[in-house]
Amino acid sequence: MDWNKPITIDNKLLVCYMIGSMESTADNDGGTGWRQYLKPLLTSRGIFPFDPTAEEIKKVGLPTEEFLAKLSDLVEDADYNEFLVQMRKIWKGNTYTKVENGQYEMVHCMGDINYCEYSNFLIWHHKEGDKPGGTIAELIIAWSRGIPVYLVTEMPITKMNKSLLYFLLDSGHGQGRVFKSFKGLLQFLDKKYKLQVKG
């Protein structure tokens with residue numbers, strides 16, 4: 001690991017995808033707060049985190065809140081064909097042509113399905129009051145691919161839907177875990193993946 005270079009998708013020990021509510025969060029922040037907090041703690045360990053709150057701008061050309069408003073307008077107008085076009089960009093990615101100095105370059109942004117499949121594990125943060133949507137699909141994708149999902153929540157686990165709890169705990173062939181804090185999660189990651197913290 002070359003700590004003199006920034007952690008990128010090409011220069012990393014591990015890759016993770018940070019899943020959790022974006023459309024309807026208890027904090028009304030589009031899901032950005034906890035991801036911004038956790039990202040530097042992950043990169044200091046050599047983990048490259050896929051952050052959908054940042055990646056969506058590349059895929060759809062709009063910040064999360066603006067894109068969600070656009071989707072709401074499409075649904076309200078019953079323009080389901082365009083709604084599907086826009087949602088496919090989220091889930092399947094988007095390929096476009098970039099023009100720079102008269103040179104054309106094809107650029108592909110991965111979709112949420114790719115983020116799941118490419119990750120060594122998923123980190124799911126759930127705050128009581130969050131309403132997960134796509135998170136449920138991402139959990140099932142990870143479970144079906146044998147990728148562990150680590151949930152961080154202060155909510156009593158007894159309040160969790162039993163099927164979701166099954167897919168969580170059985171993810172990664174029984175490696176899924178629940179943590180009450182990011183500190184507990186990071187200690188677990190350090191031990192399980194034998195990580196060293198930069199600095």
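D51 touches M18, R35, Q36 and K39, leaving aside residues up to four places away in sequence. In this predicted model, D51 lies in the loop that runs between strand 2 and helix 2 (52-60), and strand 2 in turn belongs to an open sheet of five strands. The points below begin with D51 and then take up the sheet, the elements around it and the cysteines.

**The loop residue D51**

- D51 is buried, its relative accessible area being 1%.
- The side chain of D51 is joined to that of T53 by a polar contact of 2.5 Å.

**The sheet and its edges**

- The five strands of the open sheet follow the order 2-1-5-6-7, and their pairing is parallel.
- Strand 2 (47-50) and strand 7 (177-179) each have a single partner strand and stand at the edges, so that one side of each is left without a neighbour in the sheet.
- From one strand to the next, the twist averages 25°.

**Strands 1 and 2**

- Strand 1 and strand 2 run parallel and are joined by four bridges, and Y17 has F50, in strand 2, as its bridge partner.
- Together with helix 1 (residues 32-43), strand 1 and strand 2 make up a β-α-β unit, which is right-handed.
- Along strand 2, I47 and P49 point one way whereas F48 and F50 point the other way, and all of these residues are buried.

**Strands 6 and 7, and helix 6**

- Three bridges hold strand 6 (residues 149-152) and strand 7 together in a parallel arrangement, with V152 having F179 of strand 7 as its bridge partner.
- Helix 6 (residues 134-145) packs on the sheet, where it touches strand 1 (14-19), strand 5 (121-125) and strand 6, and the direction of helix 6 makes about 150° with that of strand 5.

**Cysteines**

- A disulfide is a covalent bond between the sulfur atoms of two cysteines.
- A search of the whole structure finds zero disulfides.
- For C109, the closest cysteine sulfur is that of C116, and because the two sulfurs are 16 Å apart they are too far from each other for a bond.
- C116 is likewise in no disulfide, since the nearest cysteine sulfur, which belongs to C16, is 11 Å away, whereas a disulfide requires a pair of cysteine sulfur atoms within 2.5 Å.
- Both residues count as buried, C109 at 10% relative accessibility and C116 with a relative accessible area of 0%.

Note on methods
Residues are numbered from 1 along each chain as its sequence is written. This is a predicted model: local features need pLDDT of at least 70, side-chain atom pairs count only at pLDDT 80 or more; totals for chains, interfaces and linings use all residues. Side-chain values use heavy atoms; hydrogens and water are left out. Two strands pair if DSSP finds at least two bridges between them. Helices (H or I, at least four residues) and strands (E, at least two) are DSSP runs, numbered from the N terminus. Axes are lines fitted to C-alpha atoms, for helices over the stretch in contact, and angles run from 0 to 180 degrees between N-to-C directions. Contact means heavy atoms within 4.5 Å. Buried means under 20% relative accessible area, exposed over 50%, partly exposed in between (1.4 Å probe, protein chains only). A polar contact is a pair of N or O atoms within 3.5 Å; within protein, one must be able to donate a hydrogen and the other to accept it, and residues adjacent in sequence count only if both atoms are side-chain atoms. A crossover is right-handed if, with the strands pointing away from the viewer, the path from the first strand over the helix to the second runs clockwise.
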